[in-house]
Structures are given as structure tokens and as C-alpha cells.
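Q: Please take a close look at one part of this model, and then place that part among the other features that surround it in the chain. I would like a connected account that gives the reasoning behind each assignment.

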Amino acid sequence: MTVQRALRELQQMRTTYSIAGKGTFVHPDTVDRRDEAPLRKALADPTRLRGLGDYLAQQTAILERCETAESTKAK
């Protein structure tokens, strides 16, 4: 009973999930939900967020150029 209750509480906290006939597993996002998680620390830093935004903007521009080149080539 104690183990069942513990597993039920972990599921309610979204730390684990169950698949019928397979078992109970630790949720893959559990590490990122901790306060000291590396991703949380990185996203809390405004400088890193700006850098990430710049990087994503550059990647988007590259993808748009590739799509334009492919559509021009297809014509």
C-alpha cells in the first residue's frame, strides 16, 4: 500500500507516468522542472535569452534563404 501511494503521489506531481501493461517511468521533463535545473538557470539570464533570440533569428534567416533558393531552382 505504501509503494502504491508513493507512486500515485509521484504521478500527481507529474514526476512519473504509467503505461498500462508496461510499468511506471520517470517523466523526461522532471529534471527541467527543478528550480536549479540548468535550463531554468540559462533562461533566467537576460543576456543568454538575447543571445538565444539572435541565434534563432539567424537560423530563421538561413532557412528562409534556403527555401527561396529551392523554390527558385524548382521554377
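A: **The hairpin and its setting**

In this protein of 75 residues, buried residues make up 7%. The model is a predicted one, and every value below should be read with that in mind. The protein has 3 helices and 2 strands, and from the N terminus on these elements follow the order α-β-β-α-α. The part chosen for the close look is the β-β portion of that order.

Strand E1 covers residues 16–19 and strand E2 covers residues 23–26; the two run antiparallel and are joined by 4 bridges. Two of the facing positions can be named, for Tyr17 stands opposite Phe25 in E2, and Ile19 stands opposite Gly23 in E2. The hairpin has 3 residues between its strands, and in it Gly21 adopts a positive phi near 80 degrees.

The facing positions of Tyr17 and Phe25 lead on to the side chains. A search of the whole structure gives 1 aromatic pair. This pair consists of the rings of Tyr17 and Phe25, whose centres are 5.7 Å apart and whose planes meet at 35 degrees, so the pair is described as tilted. The reasoning rests on the cut-offs: planes under 30 degrees apart would count as stacked and planes over 60 as edge-to-face, while the rest count as tilted. Neither partner is buried, because that word is kept for residues under 20% relative accessible area: Tyr17 is partly exposed at 33%, and Phe25 is partly exposed at 34%.

Between Gly23 and Phe25 comes Thr24, a residue of strand E2. Thr24 is likewise partly exposed, having a relative accessible area of 36%. Thr24 also links the hairpin to an earlier stretch of the chain, since the C-alpha atoms of Thr24 and Leu7 are 8.1 Å apart in space although the two residues are 17 apart in sequence.

That earlier stretch is helix H1, which spans residues 2–12. The structure holds 1 salt bridge, and it is formed by Arg5 and Glu9, with 3.0 Å between the closest N and O atoms. In general, side chains of opposite charge can pair when their charged atoms come close. Here the spacing along the chain can be stated too, because Arg5 and Glu9 are 4 residues apart in H1 and are therefore separated by about one helical turn. The partners fall into separate accessibility classes: Arg5 is exposed at 52% relative accessible area, whereas Glu9 is partly exposed at 35%.

Between H1 and E1 lies a loop that contains Arg14. The phi of Arg14 is positive, near 65 degrees, and Arg14 is not a glycine. As a general background, most residues other than glycine have a negative phi. Arg14 counts as exposed, with a relative accessibility of 52%. Positive phi values thus come up at Arg14 in the loop that leads into E1 and at Gly21 in the hairpin.

The remaining two elements are helix H2 (38–44) and helix H3 (46–74), and Asp45 sits in the loop between them. Asp45 is partly exposed, at 29% relative accessibility, and its side chain reaches the backbone nitrogen of Thr47 at 3.2 Å.

Both of these helices also take part in a nonpolar surface patch of about 540 Å², which is made by Leu39, Leu43, Leu49, Leu52, Tyr55 and Leu56. Each of H2 and H3 supplies at least two of the residues in the nonpolar patch, and H3 gives the most, with 4 residues. Leu49 is one of the patch residues and lies in H3; at 39% relative accessibility it counts as partly exposed. This value satisfies the condition for patch residues, because they must have over 30% relative accessible area.

To return to the hairpin, its picture rests on antiparallel strands joined by 4 bridges, on the tilted ring pair of Tyr17 and Phe25, and on the positive phi of Gly21.

Technical notes. Residues numbered from 1 in each chain as written. Predicted model: local features only at pLDDT ≥ 70, side-chain atom pairs only at ≥ 80, totals over all residues. Heavy atoms only, no water. Salt bridge = Lys/Arg side-chain N within 4 Å of Asp/Glu carboxyl O. Buried < 20%, exposed > 50% of the residue type's maximum accessible area, 1.4 Å probe, protein only. Phe/Tyr/Trp six-rings, centres within 6.5 Å; stacked < 30°, edge-to-face > 60°. Pairing = 2+ DSSP bridges. Polar contact = N/O pair within 3.5 Å; in protein donor to acceptor, adjacent residues only side chain to side chain. Patch = residues over 30% accessible without salt bridge, like charges linked within 9 Å, V, L, I, M, F, W, Y side chains within 5 Å. Areas by Shrake-Rupley, 256 points an atom, 1.4 Å probe, with all protein chains shown as cover.
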